[in-house]
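Open the model in your viewer and keep the selection tool at hand. Each stop below says what to select and what is there.

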Amino acid sequence: MDFLSLASTLTLSNGNKIPCVGFGTWQSKDGDEAYNAVISALKNGYRHIDTATAYENEESVGRAINDFINQTGVKREEIFVTTKLWNEDHGYEATKKAICSSLKKLNLDYLDLYLIHWPNPLKFRSCWQESNAGSWRAMEEAYNDGKLKAIGVSNFCERHLEALSKTAKIAPMVNQIKICPGQAQRELVSYCKNLGMIVEGYSPLGTGKIFSSGEMQKLSEKYNRSIAQLCVRWSLQEGCLPLPKSVHEERIIENSKIFDFELEKSDCDLIASLTGLEIRPNRNPDEAQF
């Protein structure tokens, strides 16, 4: 896989383009922290910004996007914006309201991608299939109305996608899941790609423990790249769209410098199989207590 820059894109199943690396904002505090991080990312070439209702920073993220557009002349359609439906808002009517709320907070006329954040929230555990079907119907309507340019899911496993497919008229275009060293989720990635979905990988660095990994330190010396760069590049070569996150400009820039080298397949397999990193295992969506 050979990408040239942050401006390189993948093609969604509906033909829309999505930048091949996104900028994550999870745990970026609302206010100056989230605002400045997004401004730094946009200023340094990122054109794909990922947020969520649950992150409670949509207003700051939206303010940064709009200020950047107004100050630079970059067109709105050049910036790909994603947000997500939170667990309290599943179901048809609640999802319609949630979409409008996110658009208002972000101060945008449309969203490039809207995702169901989790498939089986605690509040809807006894009826998650029906609540997802209702949410998806509302998302399909918003998509047909032009409010959403693409729709997808997050943290969905095969069983959740199979259930959704029974009522969906439009197939999900994206599944955003945790992809990091030691947790490649290759079977789920392959399953999603066979359905025509783009797989986005959040938390590509996994945990700070990755930086003390002896194997990763050796690879860093071999490629003369930082461990963070190796992780983001590895995610790309796994066929996923990584969403690195930072609030420090130097790291935001560093995480984007991953297009002028390639990892050997044996090293990709090594990174995929790493153990002992104390990475929190992927949550079972059917057992998450939220």
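## Stop 1: Leu6 and its surroundings

Select Leu6 and show the residues around it: setting aside those up to four places away in sequence, Leu6 touches Pro19, Val21, Asn44, Gly45, Tyr46, Ser256 and Phe259. Keep in mind that this is a predicted model. Leu6 belongs to the segment before β1 (9-11). Its relative accessible area is 10%, so Leu6 is buried. Now add Gly22 to the selection. Leu6 and Gly22 are 16 residues apart along the chain, and their C-alpha atoms are separated by 8.6 Å.

## Stop 2: the sheet

Switch to a ribbon view and look for the strands. An open sheet is formed by 8 strands, in the order β3-β4-β5-β6-β7-β8-β9-β10, and the pairing is parallel. At the edges are β3 (23-24) and β10 (241-243), each of which pairs on one side only.

Next, select strand β4 (residues 48-50) together with β5; the two pair in the parallel sense over 3 bridges. Pick Ile49 and look across to β5, where its bridge partner is Val81. Then show α3, which packs on the sheet and touches β5 and β6. The direction of α3 makes about 140° with that of β5.

Move along to strand β7 (residues 151-154). Strand β7 and β8 pair in the parallel sense over 2 bridges. Select Ser154: its bridge partner in β8 is Gln176.

Stay with β8 (residues 174-178) for a moment. How many of its residues are buried? The count is 5 of 5. In a regular strand, side chains alternate between the two faces of the sheet. Colour Val174, Gln176 and Lys178 in one colour, as they lie on one side, and Asn175 and Ile177 in another, as they lie on the other side. Both faces of β8 are covered, and these residues are all buried.

## Stop 3: the nonpolar core

In soluble globular proteins, nonpolar side chains tend to be buried together. The largest nonpolar core here has 80 residues. Select Ile65, Ile79 and Met216, the residues with the most contacts inside this core. Then select helix α8 (residues 227-237), which supplies the largest share of the core, 7 residues.

Centre the view on Met216. Which residues are in contact with Met216, leaving aside its neighbours within four places in sequence? They are Ile210, Ile227, Leu230, Cys231, Ile271 and Leu274.

## Stop 4: aromatic rings

The structure holds 4 aromatic pairs. Start with Trp118 and Phe290: their ring centres are 5.2 Å apart and their planes are at 80°, so the pair is edge-to-face. The pair links distant parts of the chain, with the two positions 172 residues apart: Trp118 is in the loop between β6 (113-116) and α4 (128-144), and Phe290 is in the segment after α10 (265-272). Trp118 counts as buried because its relative accessibility is 9%. Phe290, at 27% relative accessibility, counts as partly exposed.

For another pair, select Tyr223 and Phe261. Their rings are tilted, with 6.3 Å from centre to centre and 50° between the planes. This pair also links distant parts of the chain: Tyr223 is in helix α7 (residues 214-223), Phe261 is in the loop between α9 (249-254) and α10, and they are 38 residues apart. Both Tyr223 and Phe261 are buried.

Return to Trp118 and Phe290 and add Trp86; the three form one aromatic cluster. Now select Asn87, in the loop between β5 (80-85) and α3 (92-106). Not counting residues up to four places away in sequence, Asn87 touches Trp118, Pro121, Phe124 and Phe290. At 1% relative accessibility, Asn87 counts as buried.

## Stop 5: charges over a ring

Select Tyr110 and look at its ring. Arg76 lies over the face of Tyr110, 4.1 Å from the ring centre. The charged end of Lys149 also sits over the ring of Tyr110, 5.0 Å from its centre.

## Stop 6: two backbone angles

Last, select Asn107, in the loop between α3 and β6. Asn107 is not a glycine, yet it has a positive phi of about 60°. Its relative accessible area is 54%, so Asn107 is exposed. Then go to Ser203, in the loop between β9 (198-202) and α7. Ser203 is not a glycine either, and its phi is positive, about 55°.

Terms used:
Residues numbered from 1 in each chain as written. Predicted model: local features only at pLDDT ≥ 70, side-chain atom pairs only at ≥ 80, totals over all residues. Heavy atoms only, no water. Core = buried A, V, L, I, M, F, W, Y, C linked by side-chain atoms within 4.5 Å. Buried < 20%, exposed > 50% of the residue type's maximum accessible area, 1.4 Å probe, protein only. Helix = DSSP H or I, 4+ residues; strand = E, 2+ residues; numbered from the N terminus. Contact = heavy atoms within 4.5 Å. Phe/Tyr/Trp six-rings, centres within 6.5 Å; stacked < 30°, edge-to-face > 60°. Lys NZ or Arg CZ within 6 Å of the ring centre and 35° of its normal. Pairing = 2+ DSSP bridges. Axes fitted to C-alpha atoms, helices over the stretch in contact; angles between N-to-C directions.
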